Amino acid sequence: RDVTGVQTCALPILIELSGDKLRARAEAERAGVPVLPGAEVASGTEAKQTAEEIGYPLLVKAAGGGGGRGIKLARDPDELDGLLSLARSEAGAAFGDDRVYLERFIGAARHVEVQIAADEHGAVVHLGERDCSVQRRHQKVIEEAPAPTLEPATRNALTVAAVTFARAIGYRNLGTVEFVLDADTGEYF
């Protein structure tokens, strides 16, 4: 906390947090922001146990990276075996961090990002949202703002969740909080 009583987070910690998907997930959970079911896995046995809890299909994702690198879709236990080592190898080569985690795959996913701005006094505002669902190889190709056909209640829930998360980690800067929306159920994570 700073002298005003506002919880703040030093820039190096925020950079580390944004680069470590497992830590960001844990912080979001702590803030009460919904995250997709998932967990870090260190072995094939652990991966199979976690996959049974999450269910198939699921994503194998790099913990320390982004840009679509190290993401693999596993539809069944046989696919998971091969993809786990492939994702770990790709993550290690790309990010110097071979940790991976499993996460529920949403087939009818929309990717919506909320822009935020936060200052050192604890003020956090959202600057609207954009839909980044048009992707190629897990990398956004088109960003459309505001997100089309987004229900007003969902738009409000996303912007509130983004501001809540930024406040919870003491964020200070301009940034983006990314969400996955299940187009079939309306749930967001």
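Start by selecting Gly44, Ala47, Lys48 and Ala51 in helix H3 of this predicted model, then add Leu80, Asp81 and Leu84 in helix H4, which are the residues that the H3 group meets. Colour this selection by residue class, and the contact of H3 with H4 divides into four nonpolar residues, one polar residue and two charged residues.

Now widen the selection to the whole of both helices, residues 44–54 for H3 and residues 77–95 for H4, which pack at an angle of about 130 degrees with their axes 10 Å apart. Because of that angle, H3 is oblique to H4. If you turn the view so that one helix lies in front of the other, the crossing of H3 and H4 is right-handed.

Next, show the strands E1, E4, E2 and E3, which in that order form an open sheet of four strands with antiparallel pairing. Strand E1 (38–41) and strand E3 (72–74) stand at the edges, and since each has a single partner strand, one side of each is left without a neighbour in the sheet. Looking across this sheet, you can follow a twist that averages 25 degrees from one strand to the next.

Within this sheet, select strand E2 (residues 58–62) together with strand E4 (residues 100–104), an antiparallel pair joined by five bridges. To pick out one position in this pairing, highlight lysine 61, whose bridge partner in E4 is tyrosine 101. Keep the sheet on display and add helix H2 (residues 21–30), which packs on the sheet and touches E1, E2 and E4, its direction making about 45 degrees with that of E4. Then bring back H4, already seen against H3, because it too belongs in this view: H4 packs on the sheet, touching E1, E2, E3 and E4, and its direction makes about 165 degrees with that of E3.Move on to the strands E7, E6, E5 and E8, which in that order form another open sheet of four strands, again with antiparallel pairing. The edge strands to select here are strand E7 (139–144) and strand E8 (173–182), each of which pairs on one side only. In this sheet the twist averages 35 degrees from one strand to the next.

For the last stop, select strand E5 (residues 109–118) and strand E6 (residues 124–136), which run antiparallel and are joined by six bridges. Within this pair, highlight alanine 118 and then valine 124, its bridge partner in E6.

Note on methods:
Residues are numbered from 1 along each chain as its sequence is written. This is a predicted model: local features need pLDDT of at least 70, side-chain atom pairs count only at pLDDT 80 or more; totals for chains, interfaces and linings use all residues. Side-chain values use heavy atoms; hydrogens and water are left out. Axes are lines fitted to C-alpha atoms, for helices over the stretch in contact, and angles run from 0 to 180 degrees between N-to-C directions. Helices (H or I, at least four residues) and strands (E, at least two) are DSSP runs, numbered from the N terminus. Angles under 35 degrees count as roughly parallel, over 145 as roughly antiparallel, 65 to 115 as roughly perpendicular and the rest as oblique. A crossing is left-handed if the near helix is turned anticlockwise from the far one by less than a right angle, and right-handed if clockwise. Contact means heavy atoms within 4.5 Å. Ala, Val, Leu, Ile, Met, Phe, Trp, Tyr, Cys and Pro count as nonpolar, Asp, Glu, Lys and Arg as charged, and the others, Gly among them, as polar. Two strands pair if DSSP finds at least two bridges between them.
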